[in-house]
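Welcome! Work through the exercises below with the model in view, and try each task before you read its solution.

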Amino acid sequence: MKKLMSCAAVALLAVGCSTAKPISVADEQRPSFAGPAGAVGPAGPAGARGPVGQTGAAGYALSGPAGEEGPAGPAGIRGQTGEPGRRGEIMVGPAGPIGPAGPAGAQGLRGDTGTQGASTAGFAGPAGRSGPAGAQGLTGDRGVQGATLVGPAGPAGRSGPAGVQGIAGEMGVQGSTAAGVSGAAGRSGPAGERGESGLTGAQGPVGGFARWTSFREFWFDSNKIDIQASETGKLSEIATYMNQNPSIRIGIDASRGDDLSERRVRAVRDALIQAGVPSSKIRSGAYGDKNLAQDRRVEVLVRSDD
């Protein structure tokens, strides 16, 4: 056996030597920094007999398939009835129109002449233009010669032929098997349909204010009970507001209590009824501030129904 192997090795070595490519004159003249190729290495020895194969790994359990998807959940219950709406809010009414301008006052005295204003320096002028470029510098000295580069070593020689293959090892013992584990539970079914929306809550009560609030005022000429022509526009404003807000009632202030004031209050009441305000919505009494009561003036106030 050893004799046959040595003969085969010698034969392969001889073939390897005979197939080596000789270096030609052209190759010698071609400039190269790499060294010449190394000689072919000798044939490797015969491989040793392979070891006995290892016992096969134990079988492993495989998870079963996932369970089927669950059915859809039942429909949700019907939503609850919504809460009643909140009580309406109160908003401050818009400002009344601007009253007519009063008569012009007497012309003021001529003012003194003002002092002379201070002077300030003007801004600086623009910068001057840049000067001409300087002359070109001299050419630098020639640099020092670089270091000599040594070429790399030649490639390693070819590997020798492989040795004879060793005898195959014995087959390992078959691994044990185990029963598969149950698959994961299926996903939950989708949520049921949403229940119907609850009924809309009852509408909240109308916003209101419990205190008497000044709304308009009527001015009379001295010792007169007739409403002035310039004041009649207020009657339609009050009637329009009452039609738009039926939960409001009117109070006509009679805080002064004298006969002339009472007659003026009745004149305003009659004019409001004629303008379209229901008589059931009008009251008269001491509703205003007594400290603000004035001669020639009748105040109309409003508040919400109880």
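**Exercise 1. Find which way the side chains of β4 point.**

Step 1. Arg-297, Glu-299, Leu-301 and Arg-303 point one way from β4, while Val-298, Val-300, Val-302 and Ser-304 point the other way. Strands (E, at least two residues) and helices (H or I, at least four) are DSSP runs, numbered from the N terminus.

Step 2. In a regular strand, side chains alternate between the two faces of the sheet.

Step 3. All of these residues are buried, where buried means under 20% relative accessible area, exposed over 50%, and partly exposed in between, using a 1.4 Å probe and protein chains only. β4 is thus mostly covered, with eight of its eight residues buried.

A word on the source: this is a predicted model, in which local features need pLDDT of at least 70, side-chain atom pairs count only at pLDDT 80 or more, and totals for chains, interfaces and linings use all residues. Residues are numbered from 1 along each chain as its sequence is written, and side-chain values use heavy atoms, leaving out hydrogens and water.

**Exercise 2. Place β4 in its sheet.**

Step 1. The sheet is open and has four strands in the order β1-β4-β2-β3, with mixed pairing. Two strands pair if DSSP finds at least two bridges between them.

Step 2. At the edges are β1 (213-219) and β3 (282-285), each pairing on one side only.

Step 3. β4 (residues 297-304) pairs with β2 (residues 248-253) in the antiparallel sense over five bridges. Ile-250 has Val-302 as its bridge partner in β4, and Arg-249 has Arg-303.

Step 4. β1 and β4 are also antiparallel, over six bridges. Here Trp-219 is the bridge partner of Arg-297.

**Exercise 3. Work out which face of α3 is buried.**

Step 1. Helix α3 (residues 233-244) packs on the sheet and touches β1, β2 and β4. Contact means heavy atoms within 4.5 Å.

Step 2. The direction of α3 makes about 155° with that of β1; axes are lines fitted to C-alpha atoms, for helices over the stretch in contact, and angles run from 0 to 180 degrees between N-to-C directions.

Step 3. Lys-234, Leu-235, Ile-238, Ala-239 and Met-242 are the buried residues of α3. Down the axis of α3 they fall within an arc of 135°, so they line one face of the helix; the arc is that of the directions from the helix axis to the C-beta atoms.

Step 4. These buried residues pack against β1, β2, α4 and β4. On the other side of α3, Asn-243 and Gln-244 are exposed.

**Exercise 4. Trace the salt bridges around Arg-297.**

Step 1. A salt bridge is a side-chain nitrogen of Lys or Arg within 4 Å of a carboxyl oxygen of Asp or Glu. By this rule the count comes to eight.

Step 2. Arg-297 meets Glu-217 in a salt bridge, at 3.0 Å from N to O. This pair links distant parts of the chain, with Glu-217 in strand β1 and Arg-297 in strand β4, 80 residues apart.

Step 3. Arg-297 also forms a salt bridge with Glu-299, at 3.7 Å from N to O. Glu-217, Arg-297 and Glu-299 are therefore linked in a network of salt bridges.

Step 4. How accessible is each member? Glu-217 is partly exposed at 29% relative accessibility, whereas Arg-297 is buried at 14% and Glu-299 is buried at 11%.
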